[in-house]
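Dear colleague,

I am passing on the structure we spoke about, and below it I have set out what was found where its chains come together. Please read the notes with the structure open beside you.

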Amino acid sequence: MPERILIIGFQADTPIRHVASVAASLGLAVDYLDLQRYLGGGSLQFTTREPEKARVRVAGERFLLADYAGVYQRLALPPPDETQRGRWPQMRARYVALECALLAYAGRVVNRPLSGWENMSKPLQTYNLALAGFRTPPSLSTSLVEDFREFRAGGETIFKSNSSIRSIVDRVEAVDDERLAYLQYAPVLFQSCISGRDVRVHVVDGATFPVLIESDAIDYRYAHARRKHIDMTPLLALPPQIERLCVSYARSRGLCLAGFDFKLDAAGEWWCLEMNPAPAFEMFDHVLDGAIARRLLGHLLGTPDL
Amino acid sequence: MSAQILLIGGEQDALLLRTRALLAAPGKRVHLVANAAEARLSLALGSTAVRTLVVVDGEPLPMAGIECIVVTQLAAVASPLLAADDQSYASAEALAAWLAFLASAPCRVVNRPSANYNILLQSPLHVRAFARHHVPTVDDLIVDGRALAGRRRRGERSAAIDLSNDQPFWLASSYAPASGSLVSLIDHDEAAPFAVTLRVGADCLTVPYGPAAQAPLRPDARAQAEQAAVTLLDALGLDLGCCVFSLSDTIARFSRLFTGAWPFVGEQALDWAAERLAALALAEQGSRHA
């Protein structure tokens with residue numbers, strides 16, 4: 001049985017660096033496939049008749065998927081910029097080919113490509129989370145000014161993007177009519193503002209890793225940039241119902257690794273804001289002494305309690 | 001108040017245009033949405049006083065009055081009044097909002113987005129990867145141009161699709177890929193026919209396609225193709241689809257799925273599909289939810 005792990009991603013991507021670092025500290029055998037170099041000029045050969053023989057070549061290095069017990073991947077296709085526009089079709093072809101090789105690969109992959117794709121639509125994910133039994137904030141995705149006004153009249157409101165394009169979540173303050181006129185060009189997702197403490201719950205292979213976040217920023221991910229306070233501590237236990245929901249929802253989406261964002265209000269209610277199928281978890285793992293990465297690496301090696 | 005039916009797809013989509021003509025009847029209002037970025041909407045989720053509606057051609061259509069939605073393609077082209085970067089953002093936002101609108105609509109939706117089916121994402125390779133769990137499927141081989149040239153020299157024949165441009169069906173043997181490009185080969189003899197199975201609701205129609213398309217299909221191939229099409233489309237949660245099967249060997253093997261426009265399907269087959277799609281749109285509620 002292979003005992004090596006393959007990590008695929010961009011060098012600057014912090015979860016990639018974090019998992020590689022934890023693996024090194026544990027003395028695990030890990031290879032790294034540089035996604036930037038592969039997309040720029042690598043090649044791939046595989047047949048679905050023998051998917052384990054998939055072979056990737058990148059700058060003189062050769063990777064045979066059969067050599068690995070598992071793969072941790074953070075595939076992403078950068079949008080075409082002016083310098084790459086001519087090469088972009090081939091970059092996209094390499095991206096799709098690698099995605100499909102990982103779909104056909106029989107070993108463990110975290111996460112299998114396309115799992116949890118609903119994250120590309122936050123209102124769709126909100127709808128699915130509510131169907132699954134999570135408590136979700138009242139939401140309105142709208143391109144109509146009058147509907148925005150009616151929703152906002154119902155209480156304090158935050159705004160975010162509908163798509164998976166990253167946006168800074170913030171409170172809706174005074175909005176002038178000129179700015180509101182832009183709604184006609186693109187809908188915006190508005191949600192009732194839920195006050196309380198943030199909790200991030202990572203699910204890895206059926207185990208949960210909750211972290212409590214205290215911050216005076218609306219979007220704690222940008223607390224440092226906005227000179228706001230942030231403090232994170234491990235949460236010792238989750239309510240059993242929340243733990244069950246997180247584990248079962250991740251499983252229903254085919255996800256080994258998932259990150260759930262909650263607000264815990266003063267009445268003790270857990271509000272699920274969203275679920276990330278490719279979470280950047282390193283900042284939380286630092287307060288957990290690397291427990292998330294260890295569980296992830298253990299899963300890839302078939303030994304959960306690494 | 002008239003019952004509203006929404007058709008979402010391309011303005012040149014022959015199936016949708018035929019279906020629209022069949023649906024035009026007293027008491028029914030049929031609207032075509034070709035550009036999701038132009039049709040404004042409000043999608044309310046959870047406890048809020050705002051109601052869900054779309055605005056098509058300037059007319060507000062509350063969700064409560066929409067009887068059925070048929071989706072063959074979801075596209076968004078943002079206003080040219082926006083800066084280039086803002087246009088791509090606005091398109092992504094419109095598509096994301098419409099995906100949620102379609103998935104959560106309480107009326108019948110043909111075809112509803114679901115965990116297994118994302119109308120925006122799936123390439124032929126992705127669909128085959130999913131299909132392998134359900135039906136016999138052609139094998140894929142992904143190679144670079146040099147390896148393809150070697151196979152051609154050795155006389156190994158199979159249909160090729162250039163992954164950089166995703167040509168439909170196949171490229172001829174003379175195709176020479178550009179340096180560095182990747183090619184997807186499917187295990188299909190270029191001289192063998194394909195079977196094309198249209199599925200609309202509970203009905204299927206199978207016709208030959210490609211080389212020897214004038215020859216009748218083997219009865220066993222037709223039965224295999226239709227059974228596989230129903231199995232696969234049920235797994236994807238789709239009522240409407242066009243499955244292409246390779247008939248290179250004794251088993252009909254799935255190769256491609258089309259849920260949008262079907263430019264390669266003949267007039268008679270399109271009429272057959274439009275009649276059934278119109279009937280499906282008018283049928284009693286009972287569509288699957290995501």
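Two strands are said to pair if DSSP finds at least two bridges between them. In this predicted model, strand 8 of chain A pairs with strand 3 (residues 40-45) of chain B in the antiparallel sense, over four bridges. Within that pairing, Leu140(A) has Ala44(B), in strand 3 of chain B, as its bridge partner.

The strand pairing is one part of the interface, in which 51 residues of chain A are in contact with 57 residues of chain B. The area buried between chain A and chain B comes to about 4400 Å², and carbon and sulfur atoms give 63% of that area. Of the area that chain A buries against chain B, 15% is supplied by Trp117(A), Tyr127(A) and Tyr185(A), which is more than any other three residues supply.

As for polar and charged groups, there are 20 residue pairs in polar contact between chain A and chain B, counting pairs with both residues at pLDDT 80 or more. Two salt bridges are found across the interface of chain A and chain B, and in a salt bridge Arg49(A) meets Asp187(B) through their side chains, at 2.1 Å from N to O.

On the side of chain A that touches chain B, the elements giving two or more residues include strand 3 (43-47), helix 4 (122-132) and helix 5 (145-152) of chain A, while the largest share, ten residues, comes from helix 3 of chain A. The residues of this side of chain A divide into 27 nonpolar, 16 polar and eight charged.

With best regards

Conventions. Residues are numbered from 1 along each chain as its sequence is written. Chains are lettered from A and ligands numbered from 1 in the order in which they are written. This is a predicted model: local features need pLDDT of at least 70, side-chain atom pairs count only at pLDDT 80 or more; totals for chains, interfaces and linings use all residues. Side-chain values use heavy atoms; hydrogens and water are left out. Contact means heavy atoms within 4.5 Å. Buried area is the accessible area (1.4 Å probe) that two parts lose on being put together, summed over both. A salt bridge is a side-chain nitrogen of Lys or Arg within 4 Å of a carboxyl oxygen of Asp or Glu. A polar contact is a pair of N or O atoms within 3.5 Å; within protein, one must be able to donate a hydrogen and the other to accept it, and residues adjacent in sequence count only if both atoms are side-chain atoms. Ala, Val, Leu, Ile, Met, Phe, Trp, Tyr, Cys and Pro count as nonpolar, Asp, Glu, Lys and Arg as charged, and the others, Gly among them, as polar.
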